[in-house]
Structure formats: C-alpha cells, structure tokens
Amino acid sequence: GVVGLALGFGAQALVKDFLSGIFMIFEDQYGVGDVVDMGEGLSGTVEGVSLRVTRLRDTNGTVWYVRNGEILRVGNMSQNWARTVLDVQVSAREDLPHVRAVLTDVIDDLWQDDDFAGVIIEEPEIWGIEAITPDAITLRVTLKTAPMEQWRVARVLRERIKSNPLVKDPNLHKA
C-alpha cells in the first residue's frame, strides 16, 4: 500500500511536469537561447526544453535542471524588445540643465551611431530625477533595444558618459 501511494504521488508530479511543459511549449513562453529569470535567484540562458524539464545555464556556467511543474513564473528577457535602464548619479551641487544637456548629447550620439542601427529601436529618453540624497542626484536614462542587447548598450553608454569630453565636473563621472 505504501509503495502504491508513493508511485501515485510520483505519477502525479510527473503528469504535472508534462502538462506544464506542454503549455509552456504551446504558449511559446521561452525557447532554447532565451535569457530567462525563473525567480528565487535563478536566471540564465535556456539550453534545452523538454516536456518534463527545462535546462538553464546561469552566468557562472552552472547548469540547472528545473522541473516544468515547479516553475511558477518566468521573466523572458529575449522576446520582442528590451530596455536599458541606466541610473546616472551626479553631485547634488551639479547644474542639472548642464547634466541633462551632456546626457542628451551622449545618448543622441549613441542613437545616431551606425554600429547601433537596429540595436537601439526607439529614441533614447531621460526620464528625469529618480532619487535625491544630500550628496547626489540620480537621473534615469532609458533606451529601448533589440532583445538581448540591453546589457551591451548599457556598458557602452556608461563608457561614453565616463569619457565624454563635454563633462567638465569630475563629479559627473560617478556614472
């Protein structure tokens, strides 16, 4: 009786995994090559999807096998488009119109760069002040990008902000 009960619960989990796998594949929630976040600190590139298990490789190279029936939510960072969100911190004493002008020049230059044609898919925006502390003001800059390009765009944008010759105040280089 105990063995039969154990087999019944095991079969129930197996059926749950298969049904979840069928719906994930049918609904095209993610596929091989997509970068996903499955919650609880588990994110990475999908290497394999079967009806029962999803195989995921994280940034450190660890391969994770996740039973489809155990996946409660998935954030897919590879579908349709992505967004680079960059918070630029400057001294609270900095002239904000000057900071906005510099940031506008930097993001417009990146927007016009032929190397990023088709990568940045909408005109970049400065959303405004995100935070204020006694020492610093944080401005949020956003760029809508092709999927999987948001991280590269963020790295290039940080580098361009840091090395921009228009920046005269060293406090602006905290970005």
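**Exercise 1. Count the helices and strands of the protein chain, then give their order.**

Solution. Start with the count: the protein chain has 3 helices and 8 strands. Helices (H or I, at least four residues) and strands (E, at least two) are DSSP runs, numbered from the N terminus. Next, read along the sequence: the pattern is α-β-β-β-β-β-β-α-β-β-α. This is a predicted model, where local features need pLDDT of at least 70, side-chain atom pairs count only at pLDDT 80 or more, and totals for chains, interfaces and linings use all residues. Residues are numbered from 1 along each chain as its sequence is written, and side-chain values use heavy atoms, with hydrogens and water left out.

**Exercise 2. State what share of the protein chain is buried, and describe its exposed area and its contacts.**

Solution. Burial comes first: 36% of the 175 residues count as buried. Buried means under 20% relative accessible area, exposed over 50%, partly exposed in between (1.4 Å probe, protein chains only). Now the surface: the protein chain exposes about 10,500 Å². Carbon and sulfur atoms supply 54% of that area. Accessible areas come from the Shrake-Rupley method with a 1.4 Å probe; for residues, only the protein chains shown count as cover. Last, contacts (heavy atoms within 4.5 Å): among those between residues at least 6 apart in sequence, 60% join residues at least 24 apart.

**Exercise 3. Trace the pairing from β1 to β4.**

Solution. Two strands pair if DSSP finds at least two bridges between them.

- Step 1. β1 (residues 35-37) and β2 (residues 43-49) run antiparallel, joined by 3 bridges. D37 stands opposite S43 in β2. The hairpin has 5 residues between these strands, and G39 takes a positive phi near 80°.
- Step 2. β2 pairs with β3 (residues 53-57) over 4 bridges, in the antiparallel sense. V46 has L56 in β3 as its bridge partner. A hairpin of 3 residues joins β2 to β3.
- Step 3. β3 and β4 (residues 63-67) run antiparallel, with 5 bridges. L56 is partnered by W64 in β4. Their hairpin has 5 residues between the strands; G61 in the turn has a positive phi of about 95°.

**Exercise 4. Lay out the sheet that holds β6, β8 and β7, and find its edges.**

Solution. Begin with the order: 3 strands form an open sheet, β6-β8-β7, with antiparallel pairing. β6 and β7 (125-132) stand at the edges with a single partner strand each, so one side of each lacks a neighbour in the sheet. Neighbouring strands are turned by 25° against each other on average, direction ignored. Then the bridges: 10 of them join β6 to β8, which run antiparallel. One example is T84, whose bridge partner in β8 is L143. Finally, α3 packs on the sheet, touching β6 and β8, and its direction makes about 25° with that of β6. Axes are lines fitted to C-alpha atoms, for helices over the stretch in contact, and angles run from 0 to 180 degrees between N-to-C directions.

**Exercise 5. Which residues of α3 are buried, and why do they line one face?**

Solution. Check the helix: α3 (residues 150-163) has 14 residues and reaches 20 Å from its first C-alpha to its last, close to the 20 Å expected at 1.5 Å a residue. The expected span is 1.5 Å times one less than the number of residues. The buried residues are Q150, V153, A154, L157 and I161. Seen down the axis of α3, they fall within an arc of 100°, so they line one face. The arc is that of the directions from the helix axis to the C-beta atoms. Their cover includes β6 (82-91), α2 (96-112) and β8 (136-145). The face turned away from the buried side carries exposed R155, E159 and S163.
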